[in-house]
Amino acid sequence: MKFKLEATDPKSKARAGIIKTDHGDIVTPIFMPVGTAGSVKAVHQRELTYDVKAQIILGNTYHLYLRPGLDILEKAGGLHKFNGWSKPILTDSGGYQVFSLAENRKITEEGAVFKSHIDGSKHLFSPERVMDIQRVIGADIIMAFDECPPYPCTYEYARKSMEMTHRWLKRCIERFDNTEGKYGYTQALFPIVQGSVFKDLRKQSAEFVASCEREGNAIGGLSVGEPVEDMYEMTDMVTDILPSDKPRYLMGVGTPANILEGIALGVDMFDCVMPTRNARNGMLFTSEGIINIRNEKWKDDFSAIDPHINSYVSSFYSKAYLRHLVIAKEILAAQIASIHNLSFYLWLVTQAREHIIAGDFAVWKNQMVEKVSRRL
């Protein structure tokens, strides 16, 4: 995997680049739709490609390991063959899911023992096992196994957690470097910066991750309930330390405003379940602001959902029709809203890239943050 920096914004840390993988190029900044269990909820791969214009999607190690299972994925020839997605895939290590199972897991130096949420069976995720699992899944970018500390947590907890994450990272790197991919294309390993909201821990973790000299780096443990100011402060500090010639990925973030601010702080890659999860609840993100499509005011609004978004559903269907589908609990409502929201997110990062290249990103960003945050 290679990263080429193409442009930087003169009045912020925003950058435009290209990540080159064996499954195609990814232009940055980029938003990655989340396909937890091998599918982006309610969206066909064809729609992801031609409507949403996604360039990379996510899979989740925890969920795919439990169902359909590694034997099925390996027989299929990896997740790309299994789900028919021909572009790059990134897999989250499953750490976040394991650690969110507070009642059903135990963390030791060896790894995390957890009970399946499906059938209660016991499993161990060690750094080595997680590398092996992601090799079988076949993602282009695989994430190191880390512990995501909760917010709030004590300084001592955050420190011990970070130090264990660093020890686990060494084991991940060793296993990854001593094994090969199964399907004839290269895979890259991204380490994850931790340290909660403590500046000295974040600095220490970012320096350790940078010293590992992998193809890209991630910032984890944010967007877990901390104040947004803390998220921006930690991100700002970490991007100053992580190497500028490698892509930077802010995990699990976030709202359109979060993404724009993250880009301004030097982040290249984002993912979040928000566009699809909120879509299923009737919340739409648009170029003019946020719409709750259930509200009475949209009942006889026959204008397009968002004519500025270059997506079939956004310009073809009206707000009134989508509201009717949502109120009637029609499955099509979730499909239209999900495709629209994802299309908006990809449109937003594409616009950001154009303004970075044009050199006026900072001014545009400030206007857009206000616009995309307002409720219509």
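Modeller: Helices (H or I, at least four residues) and strands (E, at least two) are DSSP runs, numbered from the N terminus. This is a predicted model, in which local features need pLDDT of at least 70 and side-chain atom pairs count only at pLDDT 80 or more, while totals for chains, interfaces and linings use all residues. Residues are numbered from 1 along each chain as its sequence is written, and side-chain values use heavy atoms, with hydrogens and water left out.

Colleague: How do I read a sheet, and what is the order of the 3 strands in the open antiparallel one?

Modeller: Strands of a sheet pair through backbone hydrogen bonds, either parallel or antiparallel. Two strands count as paired if DSSP finds at least two bridges between them. Here an open sheet of 3 strands runs in the order β1-β2-β3, with antiparallel pairing. Its edge strands are β1 (2–8) and β3 (24–28), each paired on one side only. From one strand to the next the twist averages 15°; axes are lines fitted to C-alpha atoms, for helices over the stretch in contact, and angles run from 0 to 180 degrees between N-to-C directions.

Colleague: How many bridges join β2 to β3?

Modeller: Strand β2 (residues 15–21) is joined to β3 by 5 bridges, and the two run antiparallel. As an example, glycine 17 has threonine 28 of β3 as its bridge partner.

Colleague: Which helix lies across β1, β2 and β3?

Modeller: That is helix α14 (residues 331–358), running at about 120° to β2. Contact means heavy atoms within 4.5 Å.

Colleague: Is histidine 355 in that helix buried or exposed?

Modeller: Buried means under 20% relative accessible area, exposed over 50%, partly exposed in between (1.4 Å probe, protein chains only). Histidine 355 is found in helix α14, and its relative accessible area is 18%, so it is buried. Leaving aside neighbours within four places in sequence, histidine 355 is in contact with Asp360, Phe361 and Trp364. Lysine 319 is 36 residues from histidine 355 in sequence and 29 Å away in space, C-alpha to C-alpha.

Colleague: And where is serine 318?

Modeller: Serine 318 sits in the loop between α12 (312–316) and α13 (319–327). With a relative accessible area of 13%, serine 318 is therefore buried. Not counting residues up to four places away in sequence, serine 318 touches Asp301, Phe302, Ser303, Ala304 and Ile305.

Colleague: Which strands stand at the edges of the sheet β4-β15-β14-β13-β12?

Modeller: This open sheet has 5 strands, and the pairing is parallel. β4 (30–32) and β12 (192–193) are at its edges; each has a single partner strand, so one side of each has no neighbour in the sheet. Further in, β13 (residues 217–219) and β14 (residues 248–250) pair in the parallel sense over 3 bridges, with tyrosine 249 of β14 as the bridge partner of alanine 218.

Colleague: What is the volume of the largest pocket?

Modeller: Rolling a probe the size of a water molecule over the atoms shows where empty space is left. On a 1 Å grid over the protein atoms alone, a cavity is a set of points where a 1.4 Å probe fits but cannot get out, and a pocket is an open set with protein on both sides within 12 Å along at least five of seven lines; lining residues have an atom within 4 Å of a point. Grid points are joined across faces, edges and corners, and a volume is the space filled by probe spheres set on the points. The largest pocket has about 780 Å³. Of its 35 lining residues, Tyr96, Gln97, Gly252, Asp271 and Val273 are the closest to the centre. α11 gives the most to this lining, with 5 residues.
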